[in-house]
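Notebook open. I wanted to look up the enclosed spaces in this one and write down what lines them.

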Amino acid sequence: MTTDYSLVSTDTEHHSLTSHSMMRLPRSLSVIETWGFGLTTPIGWLNVAVPMHEALGTQAMFVWLPGVIISMLLNLQVKHLGTLWPEMSGGTANYTVRLLKRYPGLGRYAAIGYIIGWVSVPAVNAIVLTDLIKANLDGLGVGCPEMLLKVTFTILPFIVAFSGTKALGILQVFLVIPSLLLGLAFCLQGIGWLTFSPLSPGFFPQSFSGFHFNEWTKWYFFGAYIFYGCETSAAFVADSQKPSRTLRGLSLINWIIPVLFLGAPWVLMRLATIPNNDGNAFLNLVTAGSFFWGSSASFLVTVLIASGCLLNAAASAVLIPRILYQLSLDGHLSPVFSFVSRRGVLEPAVVLTFLISLLCLGLGDLNRVAVVTGTSWFVSFMIFHLALWLRRGHKEAKWPELSLFFFCVEAVILLVGGLAWGWQDLLIGLFFPIAILGLDAVMPLIPFAPFHGNWWLKRHRVQLNHSHNQNFVLLQICTLIVCVCGAVLVTWDIRGRLEGNNNQDVKANLLAVLLLVITFVEVAIACWTTLPQVATISEAHAQKEKLAATATAQAEQLELALNNLQQTQAQLIQTEKMSSLGQLVAGVAHEINNPVNFIHGNLTHVGEYTQDLLKLINLYQQYDTNPDLKIQDLTKEIDLDFLVTDLPKILDSMQVGTERIRQIVLTLRNFSRLDEAEMKPVNIHEGIDSTLMILRNQLKLKCEQPEIEVIKNYGKLPEVECYAGQLNQVFMNIIKNAIDALHEYNASRDIQAILDKPSQIIISTQTIGSDWVNISIKDNGSGIPESAKQRLFDPFFTTKPVGEGTGLGLSISYQIVADKHRGYLKCISQPGQGAEFCIQIPIRQCQHLHETTDAHLFSLTK
């Protein structure tokens, strides 16, 4: 009954939503605000502790103790997943889907089950809050409009939720601290009173009631609402400005859980002993708190219950839409739920959450709502633990064996405890997620506009176009009048009902509830009237700054593009020149190679023939001692003795000459490397020697220039993967620059200075580790000034006179080393101490080698 929307990405509606400018949630929440949402769940302990205490008595502690342990372990596991997936919104529900990517249907079922567990919170807390007001009004003999209050309290958090998460985040921080402190005070003061007060009935009971497995499973099933619900901070990681700090809130909650979940039930167990409280949270807490809070107990408990209910309902109104949003974004639900408004409100998801909350309210009493929705909730965590077991051996699962144990225990609890609450409600809870998934599957087929994302996009554009018109202002004024007048009328009615009644405690209690509710109403008024205008002004300023930043960025991009274009043109020119030169050199070398090989190969035979002829002449001279006169004259004329001696020497010299020509041709071909355009392993030393061979004439002693000595300190190098021709071009450029620098330096020195410090070029090679090679070319010239060294690799920069240098050699060399070979080219020079160019390239062109830092690579050359 589910549809994988990730397979229909070409759908027009889905495409229009994904192209929406606000598709991703903005990271607008501070760490404190995300902690505020996370800290609200532990406050809900009273909704579980009171009925469990009423039913089990001292046996309730056997339920709370394992619940505390699993709650803390669950927090640590969810924190670990949040660290791995900080971009994911929705927390545990969406982590389960990702863990079960091989079983997407099971993952979707678990996520919807988790949602159903949370979606009942507004309804459950509305019932508790209504019971609180009813308990106080009953003491005055005043009737309570229960259904009206339940619906009002269910709607109230969603009114604020439609204004944006930021408003609710601020409200949570404002109310969660006093509420949490009151809860901790109830636990700590109660334990202190039990321990030290002379009126205490004793810290420990006289006896513990017997352990009944069926009752234990029944109430553990019920308590899972609070045990498994303390990891909500992870749901807001994608909204957080600092995700890692938001996740630290789970560690903070782990310190609070033992105090609240063990201390509060213990205080209730020992002090809430007056009968006929009928499971009413207010009456039980007042009974227990009156021992150490005295006459203030009624007021403080009212504040504790009212703030806890409102906070949990508000957290639900923003948490569930984030789960639906992430499921839609990942293609597991309809695309409509991925819609985000201009102010970051997940409007379709909020509407669905509100409707299901009203449906939960219609189920009737508190226990039935808890069992039906708790079944879906409990099963979602069973699947979560199963998913962790299935991911054993991967980094996601911290304790897979423990997760399997939890899954098996939870399966028994679901069967025994769930049936103990009623098989009808258990079945409804199991099929509830399937019904939601079925509704999601048919939504795209129903011709109802709000079921489709385009309707929300059009509505959003209309709001943008008419956000400042008179109708919108009129709507704001009407909203303000209705809210304020409604609050005044309610206050006036309550005042009239309380007038003449001397029960001050009840008045204070109702005043506390009224103040908390009015706080929510005031936030709603601000969110629907003033805040949108403030947001519009802020957005206008932000848009202006964005436009300015965009203009600056475009100018920088244009300048960068111009520089890149100049470099590209220079490189093209130089590349074309080198290509033409390489083709010319290769062509000449090829044409010379054939006749030289012909001559060189025949010289061997000529030498042999010459030796044979000389042997024949020598034999004639031995047997013909008195040759003819003409022969004697010719022998003297050609100087036969010298010819016999010199001819073998000439042939040997020709042999050496042709061998030399063959070596030069081989060097030219090796340097041009036109037959090796692709990257391949080569001998670096051969490339250096070929370059030196070509430049040999410039290294020799001449009348106007002293000889430059080349010292080779070659290490043992493996063959290196490179573009041999381009790398030879780098060697040529650097060595030629070194020769020119030495000639210029020698021109400024006298003969004695040159003799004392002869010109040298030292070429060294070595390996760096097992992955890199270093080629150092160093001269002992005058060095490079610091001002010139900063621009050494810039295109068209040269220190040579006009007409003697283009300024492209080192720039192109840098691009060849850095871009083509993922290496490094660096110049190390001090004035008067020569210059050293270090070329470092990987032996194998692998991606990870490029990530090595300069400091590590150049440590050997400093």
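I went to the largest cavity and pulled its lining: 18 residues, with Gly44, Asn47, Val121, Val124 and Tyr225 lying nearest the centre. Worth remembering that this is a predicted model.

Next I checked which elements contribute. Helix 3 (45-56), helix 6 (104-119), helix 7 (121-138), helix 10 (213-227) and helix 15 (366-390) each give two or more residues to the lining of the largest cavity.

Then I looked up the volume, and the largest cavity comes out at about 290 Å³.

How many charged residues are in the lining of the largest cavity? I found none there; the split is 10 nonpolar and 8 polar.

I also looked up the cavity count: the structure holds 7 of 30 Å³ or more.

On to the second largest cavity, which I have down at about 70 Å³. I listed its lining as Ile70, Leu73, Leu74, Gln77, His385, Leu388, Trp399, Ser403 and Phe406.

Which helix supplies the largest share of that lining? Helix 4 does, with 4 residues. I noted that helix 4 (60-84), helix 15 and helix 16 (400-421) each supply at least two residues to the second largest cavity. Helix 15 had already turned up in my entry on the largest cavity.

Last lookup was the class split for the second largest cavity: 6 nonpolar, 3 polar and no charged residues in the lining. My entry for the largest cavity has no charged lining residues either.

Key. Residues numbered from 1 in each chain as written. Predicted model: local features only at pLDDT ≥ 70, side-chain atom pairs only at ≥ 80, totals over all residues. Heavy atoms only, no water. 1 Å grid on protein atoms, 1.4 Å probe; cavity = no way out; pocket = protein on both sides within 12 Å on 5 of 7 lines; lining within 4 Å. Points joined across faces, edges and corners; volume = space filled by probe spheres on them. Nonpolar A, V, L, I, M, F, W, Y, C, P; charged D, E, K, R; others polar.
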